[in-house]
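Work through the exercises below with the sequence and the 3D view open. Try each task before you read its solution.

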Amino acid sequence: MSQYWEMLTRQMTLIDKRDQEKFKNSTIAVIGCGGIGGMTIEMLARLGVGKLILVDEDVFDVSNLNRQVLSTQETLNEKKSKAAAKRVKSINPEIDVEYYTEHVNHANIDELIENSSIVMDALDNVLTRVIVSRKAREHKIPFVHGAVEATQGQVTTFLPNTKSYEKMFNLPSCGKDLTEEVMESLKNVTSHTPPVFGPTPNLVSCMQAMEAYKIITGLGKVTVSPKLLTFDLLDLNSFNLIEI
């Protein structure tokens, strides 16, 4: 017997059943299943999404334990996307889950996201974000962006008719073909591994999941490019909605 509506009892006092059914019938692709992706996946599952496409080529290691909610002693050395799929099924076995353990590139991105209602950016490098955001825009799929460093985070959504990810952040690839030279310049934008405290990506993840929920159900207002929601957990007065 289905537990779906019983699981959602607490939130169903806040939203119309017909709108929740939109979320139940949606497909969300999460590109990256680590720090940001793990909690995003967790929240989407608990919000009642119908289908998840999970993509990550990496495996969990000990250094992930400070922030990546899906990393445990039991999942060390396991593929992140596979562990994420198992976690989703343990929350709600009715969710349709596909997981992929491959590197995202020009050759496979179409197949990975083309049937999605929304694409979630849980990536850790600018080059892959550009590849994914361009393809999401081409397919007219909302691209929900999140990024972190130390105690700072940011969230926004790029729609097909809004300022693009590349234009908003003035990236060297904006308006150009992704030649080897351009891709190398993008790699240099994220040439270091950013430091991070555990709560930061998890807060960004929860915000991203709620943005996806709002887009699909129509509940509330979505943070849309060129507006950017930013915060610094060391300064609680820093939660701001800015425009770039």
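The exercises go from the whole chain to salt bridges and then to single residues.

This is a predicted model, in which local features need pLDDT of at least 70, side-chain atom pairs count only at pLDDT 80 or more, and totals for chains, interfaces and linings use all residues. Residues are numbered from 1 along each chain as its sequence is written, and side-chain values use heavy atoms, with hydrogens and water left out.

**Exercise 1. The whole chain**

Task: Describe the secondary structure, the compactness and the burial of the protein chain.

Solution:
- Step 1. Start with the secondary structure. The protein chain has 9 helices and 8 strands. Helices (H or I, at least four residues) and strands (E, at least two) are DSSP runs, numbered from the N terminus.
- Step 2. Turn to compactness. The radius of gyration of the protein chain is 17 Å, close to the 18 Å that the globule rule gives for 244 residues, so the chain is as compact as a globular protein of that length. The radius is taken over C-alpha atoms, and the rule is 2.2 Å times the number of residues to the power 0.38.
- Step 3. Add the box. Along the principal axes, the C-alpha atoms fill roughly 55 × 40 × 40 Å.
- Step 4. Look at burial. Of the 244 residues, 50% count as buried. Buried means under 20% relative accessible area, exposed over 50%, and partly exposed in between (1.4 Å probe, protein chains only).
- Step 5. Check the contacts. Among those between residues at least 6 apart in sequence, 65% join residues at least 24 apart. A contact means heavy atoms within 4.5 Å.

**Exercise 2. Charges and salt bridges**

Task: Find how many positive and negative side chains the protein chain has, then examine the salt bridge of D110 and K135.

Solution:
- Step 1. Count the charges. The protein chain has 26 positive and 31 negative side chains. Lys and Arg count as positive and Asp and Glu as negative, while His and the chain ends are not counted.
- Step 2. Compare the centres. Those of the two sets lie 5 Å apart. Each charge is placed at NZ of Lys, CZ of Arg, CG of Asp or CD of Glu.
- Step 3. Recall the principle. Side chains of opposite charge can pair when their charged atoms come close.
- Step 4. Count the pairs. The structure holds 12 salt bridges. Each is a side-chain nitrogen of Lys or Arg within 4 Å of a carboxyl oxygen of Asp or Glu.
- Step 5. Take the named pair. D110 and K135 form a salt bridge at 3.3 Å, N to O. D110 lies in helix 5 (residues 109–113) and K135 in helix 6, so the pair ties together parts that are 25 residues apart in sequence.
- Step 6. Place both partners. D110 is partly exposed at 26% relative accessibility, and K135 is buried at 16%.

**Exercise 3. Two further pairs and a network**

Task: Are R18, D16, K86 and E78 buried, partly exposed or exposed?

Solution:
- Step 1. R18 and D16 pair at 3.2 Å, N to O. R18 is exposed at 62%, and D16 is partly exposed at 35%.
- Step 2. K86 and E78 pair at 2.7 Å, N to O. K86 is partly exposed at 48%, whereas E78 is buried at 13%.
- Step 3. Now look for a network. Salt bridges link E42, R46 and R87.

**Exercise 4. Three buried helix residues**

Task: Locate S133, G38 and E211, and name what each touches beyond four places in sequence.

Solution:
- Step 1. S133 sits in helix 6 (residues 126–138). Its relative accessibility is 10%, so S133 counts as buried. S133 touches F143 and Y165.
- Step 2. G38 belongs to helix 3 (residues 35–47). At 0% relative accessible area, G38 is buried. Its contacts are C33, V69 and L70. From the C-alpha of G38 to that of R129 is 17 Å, with their places 91 residues apart along the chain.
- Step 3. E211 is part of helix 9 (residues 199–217). E211 is buried at 6%. E211 touches V144, V155, T157, V222 and T223.
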